Amino acid sequence: MGSALWKDILREIKKSLGRFLSIMMIVAIGVAFFAGVKASVPDMKHTADKYFDDYHLMDIRVLSTFGLTADDVKTIQKIDGIEGVFATHTQDVLTKLDGEQYALKVHALPMNTEQDNENYINRVELTEGRLPQTSGECVVQETTLNRLDLEIGDKLILESGSEAKLSESIKTSEYTVVGKVKSPYYLSPEIGSTDIGSGKLGFYVMIPQSDFVSDIYTEINLTIKDARDYNSYEDAYFEHIDTVKTALEAIAPKRNEIRFEQVKQSAVQELEKHQREYEDGKKQYEKEIKAGEVKLEAAKQELSSGRKKLTTEKQKTEDKFTSYKKQLADGKKQLNTAKQTYETNVKAFEATETKLTSQLSQMNQQITALNRQIQECDEQLKVYNEQLNNPDLSEAERTQIKEALASLEAGKQLAQDSLSKLETTKQTMEYQLKQGAEQLKQAEEMLQSQEAQLLRKDAELKAGEAKANKEFAAAEAKLIQGQREYDSGVKELAEAKADGQADLDKGKEKLEKARSDIDAMERPKWYVLDRKSHYSYMDYGSVADRMDGIAKVFPLFFFLVAALVCLTTMTRMVDEQRNNIGTMKALGYGKNAIALKFILYALIASVIGSIIGCSLGMTIFPTVIFDSWNIMYTLPSISFVAQPVLAFSAGAIVTLITVAAAFTAVYKELTETPALLMRPKAPKAGKKILLEHITPLWKRLSFIQKVTARNLFRYKKRFLMTVIGISGCSALLVAGFGIQDSISTVVTKQYGEILKYDASLQLKDDTSTSELKEMKKQLQADSRIAEVTALTMDNITVPIDDESASVTLITPSDPKAMTSFISLHARGSQKEIALSQDGALISEKLSMNSGAAVGDLLKIEDKDGAIRKIKVVGIVENYIGHYIYLSASYYKEVFHTQPYDNAFVLKLKQSSNQAEQELGNDLMKHDIVSSLSFYRGAAESFSDMISSLSIVVVVLVVAAGLLAFIVLYNLTNVNVSERLREIATIKVLGFYDPEVAQYVYRENILLTMIGSLCGLLLGIGLHQLIMSLAEMEHVMFGRNIDLSSFLISFGITMLFGFIVNIVMYRKLKKIPMVESLKSVE
Amino acid sequence: MSAYIEFENVKKIYQMGEVKIEALGGVSFTIDKGEFVVIAGASGAGKSTILNILGGMDTCSEGNIYVDGTKISDYTQKQLTTYRRYDIGFVFQFYNLVQNLTVKENVELATQICKNPLNIDETIKAVGLGERSFNFPAQLSGGEQQRVAIARALAKNPKLLLCDEPTGALDYATGKQILKLLQDTCKNHGVSVVVITHNLALTAMGDKVIKVRNGLIESIETNENPLPVERIEY
């Protein structure tokens, strides 16, 4: 190949730098995406493996269902190929921080933490402070995610969280934080689940190995010689460690047999002890019930005798009063008779009196008359005496007078006699009268006194009666009170009996279970676990693999666009060079030599683009991806691994594509004769498009619209390129914004719409029914708590493949009350789903992970490790964590035991940090409370965690922008240069610049719009894909994309288009009319 | 009264890097309304430059140009566009039809932006393409395509019809038909027509013949009795 050809190529590149760059750029972007995303997977794994190696993460972990003994350790140490052995303890404990309870994992650090100690496995990276040196010192997990703000010097008070005392396993319960560490053992914030406290481990601490009391190890960690030479994410590593693993599995049965005998013996002893305790408890219970019953019986008898006595007493009193009343009535009757007699006497007396009085007055008259007679006699006498004295008086006369005097005196005597007689009579009569009156008076007085007596007696009777009635009422009231007391006593006894019986039943069930457990006690089992069973290793590995999934989708897209861009660009270039090709051909250059120019042009662009793409892509993308993920993981910074094969193949593929595109473009031309080539290419003939046959519609279009429509369909390749490219752009945007939408709703939905309670309170296992009732009463009375309901909340696990998911199992005792705390509904329809008698409701992510659909059976493992099967009858919306909801009756069917309420969920009146802390402190004071969690905190920390994913959004938007620019720039560039004559023509015809731009851009805009709309649909799919790949095991992201995100994505895509159009506008303006029209193409 | 169109000492100098190329070295001429002018000259003589400047596709470096009393040599780009839009009709050697538009649409492309367009269908009929108005350019012969180009220029109802080698790509007979069409148009519509050709044989048909050589006017002849196209042989 001559130097002229080279020169030609170089000049060509210089002349058409824009075109060259655009091919180069699209290649660079395609390669960067492909190689970059693809490379991040090995880079991530390499970084993780390096971290594991640097900190001697165990290669194999031996666990036993019954723990491991020192003998086991010795036996293991004898196996060939083992580098280090670290037999250690782990334990889950509880602690309280700021009133909130956390479950945490306690690990042991060996006493010798020198770097050359091969037995120092699962080393830690000290980020602050120092390692614990003496008992009572600990280091805590360094984490940015938790809201824990533990500082060096803080104290942790540990509690066992179970019935066993902490001191049985750990020497001291008070630990001082002396440092912060990171460990390759825990890459993710997910420490795991536990059966104490809230069921979720919050963080880990490490204490000196010597602080563990027990001589039974919970696990033995091993490293294997030379294993660090391998990448543990590769098969070769597992082949290497397999020898040791097999050897360990081989010694397991014998070790197990020995351990089994030990454990069974102690279990039997334990059971016997519990049996005795139960019997004692039962006796005590029976005794108490008996005593209560006896007491009640006595009370009952006392009551009835009291009632009888009252009745008799009443009767007696009544009789007495009756006779009293009768006497009184008799008295009254007598009195009345006496009164009548008296009245009669009075009347008789009065008659007599009247008679006597008249007689008296007659007598008085007579007396008066007599007195007068006497007086007259006296006067006569006087006169006579005077006359007698008269000496002149004859005797005769004197005699006469004397005689008269004598008669007179006789008369007087007579009168006087009568008078005295009368007087006597009168006196007698008066006496008689007086006597009578006196007698009457006496009689009256007697009557009055009798009446008074009667009245008194009457009053007395009445008072007596009232008093007696009052006494009776009091006695009756007392009896009623007694009855009431007796009744409540009966009720209380019944309750106590029921409660006691329930507790006893519970105890008995436990005992029976323990017994059957012992009977069914399986032989201990060794688990020889390699890293494939290590959560962090697997979790991070799967994250990396998810990226691989994304790496498969994205580059395809970019490659497709790159191919299309190259094809259109090269076709255009060949068209422009037609004359040149003809000349070369005429000069005698061979097809290959001519084609070489174009192929070389594409090749050079591709190779340079590939180099740029690889070098930038393979550093930028892995770093961004690694760093994004590392917000959730605690790996040291990325270490790249050389991936020449990937770089080369990515470059090769894309180069091949562009060269193929160039060859395709030039091939057609090369088959033509030079003469033909030197003449202008017949312009592509206009054609009627389908739309024109729909006359009514076509007629309605304006002239410009017709032109646009026809142009759109005229250049199909460009149409395709633009639609694919632009749809890719808006799809990326939709996915990007959609991710934000979906993630941001998770928290509000989970903690606002689904779980509507603010806190949950877990009670200890041994809480009695009455304690539970009492607790509920207290909670209801608490002014800070708005609502409360009790339910059964168990932490169980669901085995899924090799791993197991921790699940919260909820059984409400009052399903109706629960609805205001937990909303069970389907995601799409938002329709309520009721608890069923014959199946369970499971949360959506659990259904997805386990593959259990409605009607399927889901295997669950309860706290004691028993495997049960539950039937799925409904799937409920849920985003964070896994839940299974059972009705009480179905619970019984599954577990063969009643559900006992062991938790409360609370709604608070006020939810602030301080209010929660205060409430937390108060509630944790109750002995029966085993854990308390507030959900506001959970919601916040979850928000923090997922907000980090917004980096993905930025990456997607940038990628979208690049894509849009390249595609649109290319499109417009080709469009303009290909239609140079047409544009020049319309310019000559007098189209103003904006009109010319419109003439060209209308298509662009329409294509951009079509592409955008396609992209919106595509974006939904892409979004779904990314979400499912990015999702964590226990979290389900929403699948929703807000309308606004569609609008924004559409808007941004159009904006990108608009910007490209502005850039191209200058070029349009500069098109020279004259040259364009004259030149023959 | 000044002429309808007047070129006054018009110069056009192209700056090609360090080199200055004088395409027109001071050209002056006038054209009257309704005149059929033939500008003839060899390749590179500057006749196209004259046409381009006259048509508002290019600007002059020096001198004054008046069209219908307006000095267009001072026009801005935008004014020139307006000038092209309303006053000028162009016919090119290579027709420059929009391939993706039918005959009628190609004409429409021009008429839809001007003020008093002629009736499209009549114009197409007038150039003898009434039957082909729904064909695409690719379906037409060269002569037919050039007729479309003329129809497109005419339909705009321009003051001035400028034709750059309109027969250059056509065979003899077709070329003659086209020239006839142009001459008839000039006569019937009273439009000034300027035709550029390197074929001196055509000069006989012009009312005025301007010969150009090396960027200068060689001669301006007024032809009292221009020949009808039919009688011209070349």
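**Exercise 1. Strand pairing around β13(A)**

Determine how many bridges join β13(A) to strand β14 of chain A, and in which sense the two strands pair.

*Solution.* Step 1: in this predicted model, β13(A) pairs with strand β14 (residues 803-812) of chain A over 10 bridges, in the antiparallel sense. Step 2: within this pairing, N795(A) stands opposite T808(A) in β14(A). Step 3: β13 of chain A, which covers residues 785-800, also pairs with strand β19 (residues 903-908), again antiparallel, over six bridges. Step 4: T789(A) has V905(A) as its bridge partner in β19(A).

**Exercise 2. An open sheet in chain B**

State the order of the four strands in the open sheet of chain B and identify the edge strands.

*Solution.* Step 1: the order is β2-β1-β4-β5, with antiparallel pairing. Step 2: β2 (19-31) and β5 (70-71) of chain B each pair on one side only and are the edge strands. Step 3: strand β1 (residues 5-16) and strand β4 (residues 62-67) of chain B run antiparallel and are joined by five bridges. Step 4: E8(B) is found opposite N64(B) in β4(B). As a general point, strands of a sheet pair through backbone hydrogen bonds, either parallel or antiparallel.

**Exercise 3. The environment of F136(B)**

Is F136(B) buried or exposed?

*Solution.* Step 1: locate the residue; F136(B) lies in the loop between α4 (120-126) and α5 (142-155) of chain B. Step 2: apply the cut-off, by which a residue is buried if 20 or more other C-beta atoms lie within 10 Å of its own. Step 3: F136(B) is buried, because 22 other C-beta atoms lie within 10 Å. Step 4: consider N100(B), which is 36 residues away from F136(B) along the chain; their C-alpha atoms are separated by 7.0 Å.

**Exercise 4. The nonpolar cores**

Which residues touch the most other members of the largest nonpolar core, and which helix gives the most to this core?

*Solution.* Step 1: the core has 166 residues, and those touching the most other members are V205(A), A562(A), C566(A), F598(A), A602(A) and A662(A). Step 2: helix α2 (residues 17-54) of chain A gives the most, with 20 residues. Step 3: domain 1 (1-53 + 555-682) and domain 2 (90-213) of chain A each contribute at least three residues to this core. Step 4: leaving aside residues up to four places away in sequence, C566(A) touches I23(A), A602(A), I657(A), T658(A), A661(A) and A662(A). Step 5: a second, separate core has 80 residues, including V1000(A), F92(B), V148(B) and L202(B).

**Exercise 5. The contact between the chains**

Describe the side of chain A that touches chain B, by class and by helix.

*Solution.* Step 1: 22 residues of chain A are in contact with 26 residues of chain B. Step 2: α12, α21 (980-988) and α24 (1073-1078) of chain A each supply at least two residues of the side that touches chain B. Step 3: this side of chain A has 13 nonpolar, four polar and five charged residues. Step 4: helix α12 (residues 703-714) of chain A has 12 residues and spans 16 Å from its first C-alpha to its last, close to the 16 Å expected at 1.5 Å a residue. Step 5: the buried residues of α12(A) are K706(A), V707(A), T708(A), A709(A), R710(A) and N711(A).

**Exercise 6. Chain-level totals**

Tabulate the helices, strands and buried share of each chain.

*Solution.*

| Chain | Helices and strands | Buried share |
|---|---|---|
| A | 24 helices, 20 strands | 37% of 1081 residues |
| B | six helices, 10 strands | 50% of 234 residues |

Among contacts between residues at least 6 apart in sequence, 85% join residues at least 24 apart in chain A, and 71% do so in chain B.

Key:
Residues are numbered from 1 along each chain as its sequence is written. Chains are lettered from A and ligands numbered from 1 in the order in which they are written. This is a predicted model: local features need pLDDT of at least 70, side-chain atom pairs count only at pLDDT 80 or more; totals for chains, interfaces and linings use all residues. A nonpolar core is a set of buried Ala, Val, Leu, Ile, Met, Phe, Trp, Tyr and Cys residues joined through C-beta atoms within 7 Å. A residue is buried if 20 or more other C-beta atoms lie within 10 Å of its own, exposed if 12 or fewer, and partly exposed in between; C-beta atoms are placed from the backbone. Domain bounds come from an automatic or database domain assignment. Two residues are in contact if their C-beta atoms, placed from the backbone, lie within 7 Å. The expected span of a helix is 1.5 Å times one less than its number of residues. Ala, Val, Leu, Ile, Met, Phe, Trp, Tyr, Cys and Pro count as nonpolar, Asp, Glu, Lys and Arg as charged, and the others, Gly among them, as polar. Two strands pair if DSSP finds at least two bridges between them.
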